[in-house]
Amino acid sequence: MGEKYYGYNQQLALIIFGFFGLLLALKIIFFVLKNLPVMKIAKRMGIKHRWLSLVPIADSYIFGKVAFKGNVMPFSFLGLNIISTLISIVAQYLFFSPFFNNCGLSVSPNLPYLGLNVNIFSFLYTTLEYYGAHQIYKKLSDKAVVMTIFTVLSCGLLTPIFLFAIRNNEFRREAEQI
């Protein structure tokens with residue numbers, strides 16, 4: 001009877017890891033599709049070290065440099081990404097640790113508080129990323145508001161498509177003056 005239970009857990013773990021493997025593959029594809037146009041736009045803007053747009057976490061700095069003027073926003077965008085990623089990794093470890101603890105169900109009492117922090121930082125980072133995408137759209141297109149609305153409605157899935165579509169557009173004069 002114990003072997004059936006153990007086999008069921010192996011199948012469940014295989015399904016969970018398969019699902020997360022598929023999500024990871026999609027995340028990598030969207031990462032590359034989003035950051036190649038950002039790298040091209042950064043080249044046109046004369047930003048140094050634009051190759052960092054292909055490095056996870058560091059890509060947020062180049063995205064911030066393309067989207068915002070000055071040095072404060074790119075570094076704050078990068079810092080928020082680092083904090084959000086670290087808290088997310090710890091929360092995922094605490095969430096999945098019971099599955100690797102001989103099927104025990106001991107859950108950390110701090111997990112709800114950590115989950116709240118992950119949600120707050122993820123929300124802040126996502127909001128800033130949507131705003132940054134809007135700033136890039138505004139620099140290169142006259143349909144920035146429409147693209148931003150569809151970016152938010154699609155939870156950011158259309159961002160790579162929009163960035164790819166406008167990567168070769170001429171910079172708008174109004175966006176350069178702001």
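This report describes the fold, the helix faces, the largest pocket and a few individual residues of a predicted model.

**Overall make-up**

The protein has seven helices and zero strands, so from the N terminus on its elements read α-α-α-α-α-α-α. The chain holds 178 residues, of which 32% count as buried. About 11,800 Å² of the protein is exposed, and 71% of that area is supplied by carbon and sulfur atoms. Taking contacts between residues at least 6 apart in sequence, 60% join residues at least 24 apart.

**The largest pocket**

The volume of the largest pocket is about 1,600 Å³. It is lined by 34 residues, and those closest to its centre are Leu 23, Lys 27, Thr 85, Ser 88 and Tyr 125. By class, the lining consists of 19 nonpolar, 11 polar and four charged residues. Helices H1 (2-45), H3 (72-96), H4 and H6 (159-166) each contribute at least two residues to this lining. H1 provides the largest share, with 10 residues.

**The loop between H1 and H2**

Three residues of the loop that joins H1 to H2 can be described one by one. His 49 is located in this loop, and its phi is positive, near 60°, in a residue other than glycine. Ile 57 also lies between H1 and H2. Its phi, about 75°, is positive as well, although Ile 57 is not a glycine. With a relative accessible area of 31%, Ile 57 is partly exposed.

Arg 50 belongs to the loop between H1 and H2 too. Is Arg 50 buried, partly exposed or exposed? Its relative accessibility is 29%, and because the partly exposed class lies between 20% and 50%, Arg 50 falls in that class. Leaving aside neighbours within four places in sequence, Arg 50 is in contact with Met 39, Ala 42, Lys 43 and Ile 62. Arg 50 and Phe 63 are 13 residues apart in sequence, with their C-alpha atoms 9.4 Å apart in space.

Helix H2 (59-67) follows this loop. H2 is mostly covered, with eight of its nine residues buried. Ile 62 and Phe 63 are among the buried residues of H2, as are Asp 59, Ser 60, Tyr 61, Gly 64, Val 66 and Ala 67.

**Two helices with a buried side**

Which residues of H5 are buried? In this helix, which spans residues 144-153, they are Ala 144, Met 147, Thr 148 and Thr 151. These residues lie on the same side of H5 because they cover an arc of only 100° around the axis. The other side of H5 has the exposed residues Val 145 and Leu 153.

In H6, the buried residues are Thr 159, Pro 160, Phe 162, Leu 163 and Ile 166. They too share one side of their helix, because the arc they cover around the axis is only 165°. Ile 161 and Ala 165 are exposed on the face of H6 turned away from the buried side.

The table sets the two helices side by side.

| Helix | Buried residues | Arc of buried residues | Exposed on the other side |
|---|---|---|---|
| H5 | Ala 144, Met 147, Thr 148, Thr 151 | 100° | Val 145, Leu 153 |
| H6 | Thr 159, Pro 160, Phe 162, Leu 163, Ile 166 | 165° | Ile 161, Ala 165 |

**Tyr 130 and the end of H5**

Tyr 130 sits in helix H4, which covers residues 111-140. Why does Tyr 130 count as buried? Its relative accessibility is 19%, and the class takes in residues under 20%, so Tyr 130 counts as buried. Apart from neighbours within four places in sequence, Tyr 130 has contacts with Thr 151, Val 152, Cys 155 and Gly 156. One of these, Thr 151, is among the buried residues of H5. For Val 152, the C-alpha to C-alpha distance to Tyr 130 is 7.0 Å, while the two are 22 residues apart in sequence. Cys 155, another of the contacts of Tyr 130, comes just after H5 and takes a positive phi of about 60°.

Definitions and conventions: Residues numbered from 1 in each chain as written. Predicted model: local features only at pLDDT ≥ 70, side-chain atom pairs only at ≥ 80, totals over all residues. Heavy atoms only, no water. Buried < 20%, exposed > 50% of the residue type's maximum accessible area, 1.4 Å probe, protein only. Helix = DSSP H or I, 4+ residues; strand = E, 2+ residues; numbered from the N terminus. Arc of directions from axis to C-beta. Contact = heavy atoms within 4.5 Å. 1 Å grid on protein atoms, 1.4 Å probe; cavity = no way out; pocket = protein on both sides within 12 Å on 5 of 7 lines; lining within 4 Å. Points joined across faces, edges and corners; volume = space filled by probe spheres on them. Nonpolar A, V, L, I, M, F, W, Y, C, P; charged D, E, K, R; others polar. Areas by Shrake-Rupley, 256 points an atom, 1.4 Å probe, with all protein chains shown as cover.
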